[in-house]
Structures are given as structure tokens and as C-alpha cells.
Amino acid sequence: MRKKEILFSAIFLFLGGVGLAFGIAKVSDHQNTVWKEVPIEDGKYISNTIKNKFDLKNIVTNAEYVFRGTVVNKQEFEVSWNDDNGENWGPFPSSIIEVKINETYSGESPVDTDTIKVYYPNSLSVKPESSFNIVSNNEYIFVSKLLDEEFVKYKNENAPYDKFKQEDYADVYIEDTSYNILPIKNENVYFNANYFSWDKDLLKQTDENITTKKEIAELGDLDNGWCISCKTNKFNKYFKKMLKEPEKLPELKDIDKYNKKLYDDKSKY
């Protein structure tokens, strides 16, 4: 069974405090979950929440559908429900991104159409630090997981109080906008440097001096050297190889070592 715990770690940030306040209530499948659509106010909030460490091998190994697509619609919701004790949970932010599929990198699309709905467990009005923005009509590579029967089973067993019902509104999900989306602009791919900080061959072909380029300002908070880019055709060669051979990727404990070497001696690349 593929791991689903990372999405729930984000959900626990919302529900953990509620659980402490009310206790973990006994729940059933009869709660009425309400998804109330709210307006997206781009850049209204800035967030500096603590992220999970970039675990490349885990991200790639557990990716179930990796694809390139164009954002055609965005919606934001406040999600709430009542448990069997009458306690209200929420409202919690959730977002749905509708994407036109342009290319599949790995896995199989869970839909028969050329558009897919992506669930993101946060508000699109919030701009996390060191993350990409999700921009309408822009193209991205999405490193996603499936909202399938396995997802529902895992959620019911490990978070029975979670009644978001994401699977009723979307087909796949992403957990983070720094790790799980890679914007494409003017045939350049922009990505978290951790994806390839260990690969000297690719790093020789990347551009790290990207924060002053006006044409990519809309892509997000690209300061602090966390993001690099390269031409799409070069990136695809390395990325597709990585997806086919995840067992060769470095372990989490080695990522910091590669990063230190990268930032201490950028001139080599």
C-alpha cells in the first residue's frame, strides 16, 4: 500500500487542536459535510508554516500520477461538518484546481477526459514562503497522488474524524506547492533545487539567477535560492529517468549533505 500519511499531517495541523479541545469523538458515515465556495483573494495572506523535510525518494516513490497540464480553473472552499456529538468541525480551507492534461510522465490518469481535478489542502489566498503560486492559464508538472478507494480506506482507518470527503470533489491531490508542483514558463521548468541538488550533470545546465526575471515574478516567492530552472527538454530527460528508477535516488539523510555542497560551491555548476 502506498503511503498517504503526508496529506494527513497537513490535516492534523487543523484538526489536532480541535481534537485536544473536544476529544476524538466517535463518528459515523452520516455526517453532512458542507463545501462552501469562497472567493480567492490572491496574495491576501503570507504564511511561513514549517514544512516537512524534502524527502525526494519518498516523494517520487509514492507519486501515483505525474503529469504536465495547464490550469483552467481554481476554486476555494470552506469545509465543515458536525460529528455525532453535535460538535462542529471547521471551517477548514480546501482548494480545487482544474487542469487540462497535456502530457503524462508516469502512472495512469484516473479520469477518461482531458481535464482532471486536483485537491490542495490549503487556501489559494495564502502564499506560503518559498513556494510556487498556482496561476490560471499557466502550465505545471504535478506530482500527485490518487483520491481513490485506497485513499478512503487509509483515511477511515487512520483519521476517522476526518470528513473532508475530498474524493467526492477531486481526482488526485498535492500536499505542497513547493514540492509537488513545478511551473513551466517560456519552455523553462522551475523546481525546488532539492530535486536535483545531488545530480551534477543536470546542475551544470540549470539557471540559479532567476529571481530578477520579471516574466516569472508571478510564479511565487523565489528568493533564498531554493528554486532553480532549466530548459524543458533537458529537464524531461533527467526527470523521466528519475521517475523510472526511484530506487537510485538519495535517502532523506543524504539530501542535506548534497545541499550543503551545492550552496558552498555554486561556482562548480
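Where is Pro91 found? Pro91 sits in strand β4 (residues 88-107), where strands (E, at least two residues) and helices (H or I, at least four residues) are DSSP runs numbered from the N terminus. Before we go on, a word on the model: it is predicted, so local features need pLDDT of at least 70 and side-chain atom pairs count only at pLDDT 80 or more, while totals for chains, interfaces and linings use all residues. Residues are numbered from 1 along each chain as its sequence is written, and side-chain values use heavy atoms, with hydrogens and water left out.

**Backbone points to check**

The peptide bond from Gly90 to Pro91 is cis, with omega near 5°. For context, most peptide bonds are trans, and most residues other than glycine have a negative phi. Two residues that are not glycine take a positive phi here, and the table puts each beside its loop and its accessibility. The accessibility classes are buried (under 20% relative accessible area), exposed (over 50%) and partly exposed in between, using a 1.4 Å probe and protein chains only.

| Residue | Phi | Loop between | Relative accessibility |
|---|---|---|---|
| Asn137 | near 70° | β6 (126-128) and β7 (139-146) | 66%, exposed |
| Glu187 | about 60° | β9 (181-185) and β10 (188-192) | 45%, partly exposed |

**Strands around β4**

Strand β4 has partners in both β3 and β5; two strands pair if DSSP finds at least two bridges between them. With β3 (residues 65-82), the pairing is antiparallel over 16 bridges, and Phe77 stands opposite Ser94 in β4. The hairpin of β3 and β4 has five residues between the strands, and Gly86 in this hairpin takes a positive phi near 85°. With β5 (residues 115-120), strand β4 pairs in the antiparallel sense over six bridges. There, Ser95 has Tyr120 of β5 as its bridge partner.

**Nonpolar cores**

A nonpolar core is a set of buried Ala, Val, Leu, Ile, Met, Phe, Trp, Tyr and Cys residues joined through side-chain atoms within 4.5 Å. The largest one has 27 residues, and those with the most contacts inside it are Ile141, Phe191, Tyr195, Phe196, Phe235 and Phe239. Elements that give two or more residues to this core include β7, β9, β10 and β11 (227-231), along with helices such as α2 (56-61) and α4 (200-203). Its largest share, five residues, comes from α5.

Phe235 makes a handy starting point for a contact map. Leaving aside neighbours within four places in sequence, Phe235 is in contact (heavy atoms within 4.5 Å) with Ile141, Leu182, Val189, Phe191, Phe196 and Cys230. A second, separate core of 26 residues includes Val111, Val118, Ile174 and Cys227. In soluble globular proteins, nonpolar side chains tend to be buried together.

Two cysteines are worth a look in your viewer. Cys227 is buried at 2% relative accessibility, and Cys230 is buried at 3%. With a disulfide taken as a pair of cysteine sulfur atoms within 2.5 Å, the count comes to zero.

**Two faces of α3**

Which residues of helix α3 (residues 149-158) are buried? They are Phe151, Tyr154 and Lys155. These three lie on the same side of α3 because they cover an arc of only 100° around the axis, the arc being that of the directions from the helix axis to the C-beta atoms. The face turned away from the buried side carries the exposed residues Glu149 and Glu157.
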